[in-house]
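Reader: Before I trust any labels, I want the criteria behind them. Can you take me through them?
Author: Gladly. Here is the model.

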Amino acid sequence: MQLSTILTQIEEGILTITINRPDKLNALNKTVIEELSKVLDAFLSNQEWKAALITGAGPKSFVAGADISEFLELNAAGGEALAARGQELVFNKIEQSHKPIIAAVNGFALGGGCELAMACHFRLAAENARFGQPEVNLGLIPGYGGTQRLTQLIGKGKAMELMMTGAMINAQEALQWGLINHITPAEELIPKAKELLKTIITKAPLAIREVIRLTNIAALGQANGLQEEISAFGKLFDTEDAKEGARAFLEKRAPVFKAK
Ligand code: COA
């Protein structure tokens with residue numbers, strides 16, 4: 001796959017997706033969104049690739065937002081199309097991925113960068129990470145899902161404060177507020193992310209798929225979550241992997257899952 005703004009690397013079934021425009025702090029322009037979409041499609045359809053992590057190139061920034069240099073030419077229809085297209089091609093695709101995708105935040109995660117991290121299933125950050133939704137400084141609001149996902153993750157009051165002040169919070173505050181799960185020294189960020197994914201991909205893939213789907217249902221506040229859980233719980237008993245999991249436990253050995 002020919003890519004000009006994204007680096008990919010595969011190791012032991014884990015795909016590392018690196019947004020690679022460090023001179024622009026990895027801002028999301030149209031090309032990045034299109035290439036991210038292609039990489040995600042490849043990830044979702046490749047059975048050898050079990051999990052992915054998303055990070056930014058360079059020591060300073062994960063993603064410093066949508067590319068502001070593309071904003072001046074936009075009118076209402078163009079702005080709406082930008083948000084809709086990005087949400088469909090990238091952000092919703094990540095959130096709804098049936099395989100785990102996590103964010104390894106190595107610096108600024110602002111605007112669309114914070115939204116990209118929030119679309120991932122969960123987030124780790126280096127000590128130098130900074131999070132914020134500074135769109136109000138530009139006369140705008142988040143357009144890649146920030147108003148919804150930030151509220152889900154940190155609650156209404158804190159989300160309102162961040163989006164209304166445009167202020168940045170550091171990794172420690174992000175941890176306290178529930179935006180991220182772990183803080184690491186910069187050099188340990190990718191190893192820690194891979195370690196977590198390596199653990200997750202030893203589990204039954206069909207069960208992981210249901211955890212992602214049902215947790216997303218809960219986060220969206222859909223009323224049928226408990227019923228969906230009952231039904232998915234039941235269906236998993238018909239899988240070979242659930243039989244293997246119980247058998248392996250009783251035989252005191254590690255299970256071998258086949259995604260069946
Ligand atoms: N869109 C386009 N270009 C961006 C960008 C963005 N969101 N964020 C940073 N850049 C570019 C800068 O224009 C600069 O380019 P240049 O060297 O060609 O002038 C380069 O990246 C480095 O950024 P700079 O501002 O010089 O770094 P800094 O360390 O002084 O400041 C930030 C870092 C993140 C505080 C600052 O870049 C910033 O505020 N960026 C915009 C954040 C934002 O509003 N995001 C939401 C967009 S909706």
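Author: Contact means heavy atoms within 4.5 Å. This is a predicted model: local features need pLDDT of at least 70, side-chain atom pairs count only at pLDDT 80 or more, and totals for chains, interfaces and linings use all residues. Residues are numbered from 1 along each chain as its sequence is written, and side-chain values use heavy atoms, without hydrogens and water.

Reader: Which strands does helix α7 lie across?
Author: Helix α7 (residues 189-200) crosses β1, β2, β3, β5, β7 (122-126) and β10. Its angle to β7 is about 155°. Axes are lines fitted to C-alpha atoms, for helices over the stretch in contact; angles run from 0 to 180 degrees between N-to-C directions. Helices (H or I, at least four residues) and strands (E, at least two) are DSSP runs, numbered from the N terminus.

Reader: And α1, at what angle does it run to β2?
Author: About 180°. α1 lies across β1, β2, β3 (51-56) and β5 (101-105).

Reader: What makes β1 and β2 a pair?
Author: Pairing needs at least two DSSP bridges between strands. β1 and β2 (residues 14-19) have 6, so they pair, and they run antiparallel. Gln9 bridges to Thr16 in β2.

Reader: Why are β1 and β10 called edges?
Author: β1 (6-11) and β10 (182-184) each have a single partner strand, so one side of each lacks a neighbour in the sheet. The open sheet has 6 strands, ordered β1-β2-β3-β5-β7-β10, with mixed pairing. Its twist averages 20° from one strand to the next.
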